Amino acid sequence: KKNPRKFVQSVSSVFQSYPVFNQFIHQKMIKTASRLDGISEYYFAAKLREIAQMNAAGHAVINLGIGSPDLPPAPEVMETLRRATHDDRAHGYQSYTGLPVLRQAWANWYEKFYHVSLKSEGEILPLIGSKEGILHSAMTFLEPGDVALVPNPGYPTYRAASKLAGAEVQFYDLEEKNGWLPDFDFLEKTDLSRVKIMWLNYPQMPTGAPGSPDFFQKAVDFGRKNHILVVNDNPYSFILNEKPASILAADGAFETAIELNSLSKSHNLAGWRVGLVAGQADFLKEILKFKSNMDSGQPMPLQLAAVAALELPEIWYQNLNETYRKRQKLAFELLKKLGCKFQEPQQGLFVWAKIPEKYASGFELSDEILARARVFITPGGIFGSGGEKFVRVSLCQSVEIFEKAISKI
């Protein structure tokens with residue numbers, strides 16, 4: 001009577017020691033779908049809980065792991081959002097293909113910065129962030145029996161989305177000696193008969209390797225020759241990069257490639273979830289079949305604010321990169337103090353570095369720094385076996401925070 005919950009727990013613990021009871025319980029449980037076999041919770045979801053617990057205990061952890069921009073959007077973008085919320089049309093369902101003015105703004109942006117001509121009707125499909133486009137693309141084109149080429153190291157979502165679609169994953173290794181670029185000559189010697197999609201991501205995360213017109217042309221030629229859909233995930237092309245490039249600028253790209261892009265990093269709109277997939281209209285029409293069953297369109301105020309973001313002058317990107325260059329220098333200094341080695345320059349929101357030989361893996365170094373200095377850096381192993389001997393540092397903290405982290409280390 002005094003503590004019924006404790007009584008129930010005690011009784012349960014006794015019964016659970018009997019195999020028959022356990023068998024009965026498991027028979028009554030609702031099993032998850034087999035498509036989740038081999039799919040684990042995203043690493044950062046669990047790690048952020050651990051860090052939150054440490055902060056709650058008074059440890060004040062400095063998080064240099066997550067690539068979530070800490071800088072604000074442009075004032076005119078926020079003002080556009082504020083005004084648009086007062087429009088009577090702002091609160092209803094929106095088109096699955098986005099506002100025409102948004103698609104045209106995306107087209108103008110691609111023309112201005114990537115020198116790619118896109119038709120606003122058919123060749124641009126706005127997304128609720130480019131991450132959803134990864135799953136949309138996988139579910140649209142992959143099925144059991146297909147194979148997806150996934151970079152190692154690379155963004156874990158490429159593997160997860162491919163497996164959720166029922167496809168097999170074939171990793172292709174990215175190596176430092178090759179500038180973290182795919183070895184297309186080696187891939188040509190492998191069995192590509194069941195490969196349907198090749199995931200690309202340049203500028204590359206986590207390695208910071210740049211893309212280039214020559215590289216994208218090789219990727220397109222590889223896709224055309226082997227009848228593979230090449231999907232380039234391109235959210236980092238404006239960060240610490242003077243020459244943004246798109247795979248769609250390559251000759252023949254519309255025959256075999258699509259591109260995902262996002263305003264999360266380039267415009268500090270990560271939480272607003274604004275992205276697109278661009279490419280051949282026939283490809284996008286098929287993706288729309290899947291997407292239209294998953295959401296009911298983007299909020300109109302966010303779409304109009306995205307238009308304002310896409311119309312920002314070039315000085316916006318210059319000022320943004322000036323900030324990130326200052327932070328990158330401090331990230332280099334921090335990594336030197338840890339005995340890590342790295343290549344310069346690197347593009348994107350992170351610095352990728354090789355750990356000292358005394359550590360068995362990036363996980364060991366990361367755990368040690370978290371325990372002793374209360375600073376979190378990302379172990380490279382979460383991006384695949386090719387990242388086991390590396391760590392990644394995010395540039396999404398202020399100069400003052402970096403200086404404090406260096407002092408603690």
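This briefing walks through the sheets, cavities, salt bridges and backbone oddities of one protein model. The model is a predicted one. It has an open sheet of seven strands, another open sheet made of four strands, and two cavities of 30 Å³ or more. Here is the tour, topic by topic.

**The seven-stranded sheet**

- Strands of a sheet pair through backbone hydrogen bonds, and they can do so in a parallel or an antiparallel way.
- Reading across this open sheet, the order is β2-β8-β7-β6-β5-β3-β4, and the pairing is mixed.
- The edges belong to β2 (124–127) and β4 (168–173); each has a single partner strand, so one side of each has no neighbour in the sheet.
- From one strand to the next, the twist averages 20 degrees.
- For a parallel pair, look at β3 (residues 147–152) and β5 (residues 195–200), which are joined by three bridges. Within this pair, Ala-148 sits opposite Ile-197 of β5.
- Helix α11 (residues 281–291) packs on this sheet and touches β2, β6 (229–233), β7 (257–262) and β8 (275–279). The direction of α11 makes about 30 degrees with that of β2.

**The four-stranded sheet**

- This open sheet runs in the order β9-β10-β13-β12, with antiparallel pairing.
- At its edges you'll find β9 (341–342) and β12 (378–379); since each has a single partner strand, one side of each is left without a neighbour in the sheet.
- Two bridges hold β9 and β10 (residues 350–354) together in the antiparallel sense. Phe-342 has Ala-353 in β10 as its bridge partner.

**Cavities**

- Rolling a probe the size of a water molecule over the atoms is a way to see where empty space is left.
- The largest cavity has a volume of about 50 Å³. Its lining includes Ser-95, Tyr-96, Thr-97 and Gly-98, along with Pro-126, Ile-128 and Lys-291. Gly-297, Gln-298 and Gln-303 also line the largest cavity.
- By class, the lining of the largest cavity splits into three nonpolar residues, six polar and one charged.
- The second largest cavity holds about 30 Å³ of space. Among the residues lining it are Gln-204, Met-205, Pro-206, Thr-207 and Gly-208. Gln-347, Gly-348, Leu-349 and Phe-350 line the second largest cavity too.
- That second lining has four nonpolar and five polar residues, but no charged ones.

**Salt bridges**

- Side chains of opposite charge can pair when their charged atoms come close.
- The count for this model comes to 16 salt bridges.
- One of them to look up is the salt bridge between the side chains of Asp-70 and Arg-327, at 2.7 Å from N to O. This pair links distant parts of the chain, 257 residues apart. Asp-70 is in the loop between β1 (62–63) and α4 (75–84), while Arg-327 belongs to helix α13 (residues 314–337).

**Backbone oddities**

- Most peptide bonds are trans, and most residues other than glycine have a negative phi. The spots below go the other way.
- Tyr-202 and Pro-203 are joined by a cis peptide bond, with omega at about 0 degrees. Pro-203 is in the loop between β5 and α9 (213–226).
- Another cis peptide bond links Glu-344 to Pro-345, with an omega of about -10 degrees. To find Pro-345, go to the loop between β9 and β10.
- Ala-60 isn't a glycine, yet it has a positive phi of about 50 degrees. Look for Ala-60 in the loop between α3 (43–56) and β1.

How values were computed:
Residues are numbered from 1 along each chain as its sequence is written. This is a predicted model: local features need pLDDT of at least 70, side-chain atom pairs count only at pLDDT 80 or more; totals for chains, interfaces and linings use all residues. Side-chain values use heavy atoms; hydrogens and water are left out. On a 1 Å grid over the protein atoms alone, a cavity is a set of points where a 1.4 Å probe fits but cannot get out, and a pocket is an open set with protein on both sides within 12 Å along at least five of seven lines; lining residues have an atom within 4 Å of a point. Grid points are joined across faces, edges and corners, and a volume is the space filled by probe spheres set on the points. Ala, Val, Leu, Ile, Met, Phe, Trp, Tyr, Cys and Pro count as nonpolar, Asp, Glu, Lys and Arg as charged, and the others, Gly among them, as polar. Two strands pair if DSSP finds at least two bridges between them. Axes are lines fitted to C-alpha atoms, for helices over the stretch in contact, and angles run from 0 to 180 degrees between N-to-C directions. Contact means heavy atoms within 4.5 Å. A salt bridge is a side-chain nitrogen of Lys or Arg within 4 Å of a carboxyl oxygen of Asp or Glu.
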